[in-house]
Amino acid sequence: MATKKKASPKRAKAKAPALPKPVNGASVRAKHKEFLFPCVTNYYEEPIVLTKGEGSWCWDSDGREYLDLFGGILTLGVGHCHPEVVSRIEQQIKTLGHTSSLYATEPVVNVAEKLAKIAPGKLKKSFFTASGTEANETAILVAKLFTGKQEIIALRYGYSGRSLTALSLGGNSSWRLIPTQMVGVKHALSPYCYRCPLGLTYPSCEIKCAQDMDELIRTETNGQPAAFIAEPIAGVGGFITPPKEYFQIAVGIVRKYGGIFICDEVQTGFGRTGDKWFGIEHWGVEPDVMTMAKSIANGFSVGATMATEEVANAFTGLTISTFGGSPPTMASTNATLDVMRRENTPKRSAERGKQMRDALMAMYEKYQIIGDVRGMGLMQGIELVEDRKTKQPAPKAATRLMEAAKKQGLLIGKGGHYGNVIRMAPSMLISKTEMEDAMKRLDRALASM
Ligand SMILES: Cc1ncc(COP(=O)(O)O)c(C=O)c1O
């Protein structure tokens, strides 16, 4: 049972907001099992039926409250049901609800202009879709059109989405439900320092994982890659944070062979990694193409592919996106970006991220099961192991910790190739008090195991 404690007086709301009508959790769980594909799995032995959200908090069908540190997979960048985002979507839906990409609208050009202002380097033009998967599909297509080349380099442990192209780009066998469908994808070594693929240690390793890109291109491709696609921090892979030199070396090699760099900012974008708008800015590399989704619209279905003018101009053939850039989703993006700029999410992520990291490091000292603490800003993960020396992954412990956290009224996420990494990425508007509260709940959950 999760806590039903009285809410802290520092909170915006004193108690669970009333529902328009009660929801029968047991019935929802039963129907979910009966009518949805079995692959639509839910977290927890008894899945939570969420009914309400507000800021960093949400409530289930039994009225239990939870502090949400996962935000629907790093998507609620400014929290559940942000009032400004909600009201601007409402206004837009009442005025103009759908157009398709065949008509120009003010909301879509406003978003494109705002993105061009905060995107790194020469990224300027945008193409809108309805998901991160489609954003990556578009990126691969434009890279092939621009370079006239076919082979794509992705990263081991990476994740790009769920279309056949995206599955082929993925670097985790458990997500690749069928063999590689897109020909010409090669997977480079992951900059996964905790489990270095070359058995080396940073910094004496001289970033050999990045240097290996040269041999990969010379031996695994025809020597003419179209693009290298990578996440600045591998999200689904378990918040794998590369050494600071990695991207400059790896991208430098790809460019030497004529390939371009596609940066997947689906998880790391919009201040999430602290101090910068985009994760890649920490690594000193300018992408030729960049993809975004998740927190771009605070929970509404938006995928965006940005490119430099030169690259974007190679995409001239016929294409449409029925839902891409639709007025309501663009209203939600415009509002989200305005809130993020006003609230300075990069700065907030850096501050609350430091608070979170310090608390996690204190837990690392206390609990042997934590093998590694990593991430940046408000994207922090802990990798659980059976033994700190052997680093044997502890996926069952991760499942137990998820359940224990649920009992403490705390939502956290899971990931990693072995399913043993706890991922935490709350609303970037989370308060200091809420973070303190969240870390206490996590500590109690770890202690209870
Ligand atoms: C880094 C990354 N890229 C792409 C995607 C795919 O996004 P979507 O689920 O919106 O299709 C995800 C989803 O988790 C992701 O984490």
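How do α3 and α10 run relative to each other: roughly parallel or roughly antiparallel? Let's work that one out together. Keep in mind that what we have here is a predicted model.

Okay, so look at helix α3, residues 83-95, and helix α10, residues 327-343. Their axes come within 8 Å, and they cross at roughly 150°. Anything over 145 degrees counts as roughly antiparallel, and therefore α3 and α10 are roughly antiparallel to each other. The crossing of this pair is right-handed.

Who's doing the touching? From α3 we have E84, V85, R88, I89, Q92 and I93. On the α10 side there's P327, P328, A331, S332, N334, A335, T336, D338, V339 and R342. If you sort the residues in that contact of α3 with α10 by class, you get eight nonpolar, four polar and four charged.

Now let's go to another pair, α7 and α8. Helix α7 covers residues 208-220 and helix α8 covers residues 246-256. Here too the axes come within 8 Å, but the crossing angle is roughly 15°. Angles under 35 degrees count as roughly parallel, so α7 is roughly parallel to α8. And the handedness? α7 passes α8 in a right-handed crossing.

For the contact itself, α7 brings C209, A210, Q211, M213, D214 and I217, while α8 brings Y246, I249, A250, I253, V254 and K256. Split by class, the contact of α7 with α8 has nine nonpolar residues, one polar and two charged.

Right, on to strands. There's an open sheet made of four of them, in the order β1-β2-β3-β13, with mixed pairing. Which strands sit at the edges? Those are β1, at 50-54, and β13, at 410-411, and each of them pairs on one side only. Zoom in on β1 and you'll see four bridges joining β1 to β2, residues 57-60, with the two strands running antiparallel. If you want a spot to click on, L50 stands opposite D60 in β2.

There's a helix on this sheet as well: α13, residues 432-448, packs on it and touches β2, β3 and β13. The direction of α13 makes about 105° with that of β3, which is residues 65-68.

Last bit: how confident is the predictor? The chain has a mean pLDDT of 95, and 96% of its residues reach 70 or more. Residues 1-10 are another story, with pLDDT below 50. Beyond near neighbours in sequence, that stretch has 19 contacts in the model. Okay, that's me done!

Note on methods. Residues numbered from 1 in each chain as written. Predicted model: local features only at pLDDT ≥ 70, side-chain atom pairs only at ≥ 80, totals over all residues. Heavy atoms only, no water. Axes fitted to C-alpha atoms, helices over the stretch in contact; angles between N-to-C directions. Parallel < 35°, antiparallel > 145°, perpendicular 65-115°, else oblique. Left-handed = near helix turned anticlockwise from the far one by under 90°. Contact = heavy atoms within 4.5 Å. Nonpolar A, V, L, I, M, F, W, Y, C, P; charged D, E, K, R; others polar. pLDDT = per-residue confidence, 0-100. Pairing = 2+ DSSP bridges.
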